[in-house]
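Subject: Structure for you to look at

Hello,

Here is the structure I promised to pass on. Please open it alongside this email and tell me what you think.

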Amino acid sequence: MVGLKIKSMKRDKALIKALNNKGKDSLSYGFEFQMMRRILVEAERKKKHSFILGLSLISMVSVGMIVVTIYVLMHYVSFCTYLTLPDISFSTETQSLFILYCYIALLVLVLLGLDAYFRKLRHKGNEKES
Amino acid sequence: MRLMTEEIGYIRRILDGETNLFSFFLERYSRPIYSLIIQIIPNHEDAEELTQDTFVKAFRKLGAFKNDCSFSTWLYRIAYNTAVSATRKRKIIFPVLDDSMIENIPDETIDIFFAGDDDEEMLQKLEQAIDNLNPEEKVLITLYYMDEKPINDIASILGLTPENIKVKLFRVRRKLYGWIKNKEYEAG
């Protein structure tokens, strides 16, 4: 009975026409373009959010692992820092070596930074082209 | 079914970082979603803003989309909830019609009344009567008559059972008839 009534309701021409009349307004010109820009901003925000979340998780896990390691070393392995770590003394010779190592490390960091920067630039260029 | 598979493919690629593919959904659904929202919020600017909000929400929750329904049903559900929240925030009050007024109207009278679409005056009255309906009822008739959605999909969008939807559709027609006749009676 209900099924038959539902079928007959599809013939409600007056309702269909009234609803069409009411919904005559349409979206502004360029709506989809504006919307896509908003979506891209949202995607960037989402990416940053997940990066920060990932970083926080890694940091928390790392800190946790360090704490557990220290706890285990102190309480179960009877680890003593005084006995295990040798005294570090800086002579002029080791000082110059230390500076050299620092210089190399800095250079590696700068080169890695530049690599990341140029990769990002190229990625952006590719995105614009596509 | 083919459409659903195609859409799921797009969703996976968007989630993998191909954000530009979201334009596929914008092109396909921005107009029908706007048409649905404008029935609930009859103001162009507000309806357009809510359409934007719907798509942003859909993008944010895209990862949570399960294949238990079609993407369009899921999107319509977001649009409906967004528009209903907006009516609550704006504290829009919808008039209530006394049930006893519409209970005794024969079905045939209502069928005949809605079958014709030539009387412009009657159509205007009908448009005004539609404004009196609550958001759920407006969405119900928009999805059923304009978008020609199956009853099961409408039930999924509104979070009701198919039987409930059918009963509500009957009642909405009666209500609309009641509003028009009531207004004619008041006008003398």
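Below are my notes on the contact between the chains, followed by a helix of chain B.

Please keep in mind that this is a predicted model.

The contact draws 36 residues from chain B and 30 residues from chain A. On the chain B side, the elements that supply two or more residues are α2 (22-40), α3 (44-60), α6 (107-115), α7 (120-131), α8 (135-146) and α10 (162-187). Of these, α2(B) gives the most, with 10 residues. By character, the chain B side splits into 18 nonpolar, 9 polar and 9 charged residues.

You may like the way α2(B) packs against chain A. Its partner there is helix α3 (residues 31-75) of chain A: the two axes come within 10 Å and cross at roughly 140°. The helices α3(A) and α2(B) are therefore oblique to each other, and the crossing is right-handed. From α3(A), the residues involved are A:F31, A:E32, A:M35, A:M36 and A:I39, which meet B:F22, B:S23, B:L26, B:E27 and B:S30 of α2(B). This helix pair's contact is made up of 6 nonpolar, 2 polar and 2 charged residues.

Now to α8(B). This helix of 12 residues spans 15 Å from its first C-alpha to its last, close to the 16 Å expected at 1.5 Å a residue. Because 10 of its 12 residues are buried, α8(B) is largely enclosed by the rest of the structure. Among the buried ones are the charged B:E137 and B:K138, as well as B:Y144 and B:Y145. Just after α8(B), B:E148 adopts a positive phi of about 50°.

Best wishes

Key: Residues numbered from 1 in each chain as written. Chains lettered and ligands numbered in written order. Predicted model: local features only at pLDDT ≥ 70, side-chain atom pairs only at ≥ 80, totals over all residues. Contact = placed C-beta atoms within 7 Å. Helix = DSSP H or I, 4+ residues; strand = E, 2+ residues; numbered from the N terminus. Axes fitted to C-alpha atoms, helices over the stretch in contact; angles between N-to-C directions. Parallel < 35°, antiparallel > 145°, perpendicular 65-115°, else oblique. Left-handed = near helix turned anticlockwise from the far one by under 90°. Expected span 1.5 Å × (residues − 1). Buried ≥ 20, exposed ≤ 12 C-beta atoms within 10 Å, placed from the backbone.
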